[in-house]
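Visitor: I am new to this structure and should like to understand the terms used to describe it. May I see it before we begin?

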Amino acid sequence: MLKIENLSVDIAGVQVLRDLSFELTSGTCTVLIGRNGAGKTTTLRSIMGLLPRQSGRIVLDGQDIQDRPSQDRARIGIGYAPEDRRLIGHFSIEDNILLPAIALNMPKDERESRLAKVYDFMPELVKLKSRPGGGVSGGQGKMVALGRALMVADKVLFLDEPFQGLAPALALDYARTLSRLRDDRSDLCILVTESSPKLLDSIADETLLIERGAVERRDSSAGTNRRLGTG
Ligand SMILES: Nc1ncnc2c1ncn2[C@@H]1O[C@H](COP(=O)(O)OP(=O)(O)OP(=O)(O)O)[C@@H](O)[C@H]1O
């Protein structure tokens with residue numbers, strides 16, 4: 001379980017996240033919905049340790065991780081696919097997928113067994129593996145970015161606006177892949193950000209709304225929004 005407690009983050013002297021608190025549970029998919037500029041990317045980047053926080057705790061399976069260096073996030077099992085896919089154009093797709101494992105100095109056996117699991121789960125990546133990173137479409141790139149995040153995502157998977165710019169058929173494929181992942185991986189907390197909830201309605205176990213850097217939980221059964229407590 002990942003717990004975010006009272007996270008506040010300023011960027012350039014402006015408060016962007018305000019006392020944000022929420023929890024992610026293993027085996028579930030949480031969707032963080034918010035309009036442009038609401039703070040979705042800032043939330044993920046802050047949890048990844050890529051932005052400094054003013055206050056707040058980040059607790060993974062009972063351990064405080066907020067003061068650990070950002071490069072430790074992958075080591076402790078958090079996979080992250082940023083909004084811009086960040087594939088390296090002159091590396092092969094396979095090397096792009098392997099990048100976090102290489103960065104962590106993972107032993108070759110482990111790297112290969114993790115890669116085999118990613119290919120098992122996403123066989124469409126096998127066909128692309130020899131292509132250069134710069135030689136795939138936007139939608140294929142999103143799949144590669146998901147595979148790369150899965151290389152290290154033992155506990156948590158963050159996907160930042162994965163549907164943005166995807167054609168409807170590819171978006172449906174991506175949503176199906178996500179749905180399988182949610183069903184297959186009871187050990188994984190999944191957090192997906194989106195500006196529109198439509199595609200994710202069927203796989204969201206919980207939907208959080210973020211507005212001007214503060215989070216609300218949408219209680220779909222009651223049809224109301226409830227501001228999350230700050231304690
Ligand atoms: N580098 C920066 N400098 C100044 N302000 C920033 C910076 N990065 C983000 N912000 C501000 O922080 C707020 C939240 O931005 P963020 O990118 O987290 O939103 P978002 O919900 O992910 O939006 P989008 O859907 O457009 O990606 C916005 O008001 C944005 O202008």
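The following conversation considers a sheet, some backbone angles and the surroundings of a ligand.

Guide: Please bear in mind that this is a predicted model.

Visitor: What makes strands S4 and S5 a pair?

Guide: Two strands pair if there are at least two bridges between them. Strand S4, residues 55–60, and S5 have two bridges, in the antiparallel sense; the requirement is therefore met. Val 59 stands opposite Asp 64 in S5.

Visitor: How do you know that strand S1 and S4 pair?

Guide: The reasoning again rests on the limit of at least two bridges. Strand S1, residues 2–11, and S4 are joined in the antiparallel sense over five bridges, so they count as paired. Here Ile 4 stands opposite Ile 58 in S4.

Visitor: Why are S2 and S5 called edge strands?

Guide: The four strands form an open sheet with antiparallel pairing, in the order S2-S1-S4-S5. Strand S2 (14–24) and strand S5 (63–64) each pair on one side only, and they are accordingly its edge strands.

Visitor: What is notable about the phi of Asn 6?

Guide: Most residues other than glycine have a negative phi. Asn 6, which is not glycine, has a positive value near 50°. This residue belongs to strand S1. A positive phi also occurs at Asp 61, near 45°, in the hairpin of S4 and S5, where two residues lie between the strands.

Visitor: Why is Asn 6 called partly exposed?

Guide: A residue is buried with 20 or more C-beta neighbours within 10 Å and exposed with 12 or fewer. Asn 6 has 16 of them, so it counts as partly exposed.

Visitor: Is Glu 161 buried or exposed, and how do you know?

Guide: Glu 161 has 21 C-beta neighbours inside 10 Å, and the limit for a buried residue is 20 or more; therefore Glu 161 counts as buried. Its place is in the loop between strand S7 (156–160) and helix H6 (168–184). Its phi is also positive, near 45°.

Visitor: Which residues surround the ligand, and of what kinds are they?

Guide: The ligand is surrounded by 13 residues, of which Asn 36, Gly 37, Lys 40, Thr 41 and Thr 42 are the closest. Four residues of this shell are nonpolar, seven are polar and two are charged.

Visitor: Which helix gives the most to that shell?

Guide: Helix H1, residues 40–47, gives the most, with three residues.

Key
Residues numbered from 1 in each chain as written. Predicted model: local features only at pLDDT ≥ 70, side-chain atom pairs only at ≥ 80, totals over all residues. Near = placed C-beta within 6 Å. Nonpolar A, V, L, I, M, F, W, Y, C, P; charged D, E, K, R; others polar.
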